[in-house]
Amino acid sequence: MDMIKDNKARLSGLEQLHALIAANIPPPINKTMNFTLTEFEEGRAVFEGNPDQSVYNPIGAVHGGYAATLLDTACGCAVHSTLTADQGYTTLELKVAYHRPLTDASGPVRAEGNIVSIGRRTGFAEAKLTDRNGKVCATATSTLLIFPLDAAG
């Protein structure tokens, strides 16, 4: 994980994603939330997860934060895949719409993020979360700040 933070190898965002997959060292959030990066290319990232009762809320369904995390991650990695070795990003805004509840029977779920547009300082992405039957459970739009890593200090 330090590879992305420090990027001493001077890898582009797409190269970093390839290296993470090759090293089989997922970020800690992947283990915590039980999801994984399954597909990616420049401008697109797909994550799959299996929500279980460990992410349930008191009303007996998967907490909305699980869907929001998957959608935020898919949007972020779609933007990340386009960055140079000298750039970083952070989410400025995430808007999530919940279409249907998730349960432990919903999985595996799939979050696909795609870039809508990207500039020097800002990226816009969208993502869709579907259940095992391909039904849309949640969607999101995201605004991401792109910045030079030396300025991140």
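Is Cys75 buried or exposed? I looked it up, and Cys75 is buried, with a relative accessible area of 0%. For my notes: buried means under 20% relative accessible area, exposed over 50%, and partly exposed in between, using a 1.4 Å probe and protein chains only.

Some ground rules before I go on. This is a predicted model, where local features need pLDDT of at least 70, side-chain atom pairs count only at pLDDT 80 or more, and totals for chains, interfaces and linings use all residues. Residues are numbered from 1 along each chain as its sequence is written, and side-chain values use heavy atoms, with hydrogens and water left out.

Next I hunted for disulfides (a pair of cysteine sulfur atoms within 2.5 Å). The whole structure has zero. Cys75 can't make one because its closest cysteine sulfur, in Cys77, is 10.0 Å away, too far for a bond. Cys137 is out too, because its sulfur is 16 Å from the closest cysteine sulfur, the one in Cys75. Cys137 also counts as buried, at 1% relative accessibility.

Then I checked helix α4, residues 64–80 (helices are DSSP runs of H or I with at least four residues, strands are runs of E with at least two, and both are numbered from the N terminus). I found that 13 of the 17 residues in α4 are buried, so I'd call it mostly covered.

Last stop: the strands. β1 (residues 35–41) and β2 (residues 44–49) pair antiparallel over six bridges; pairing takes at least two DSSP bridges between two strands. I traced Leu37 to its bridge partner in β2, Phe47. Two residues sit between the strands of this hairpin, and Gly43 there takes a positive phi near 85°.
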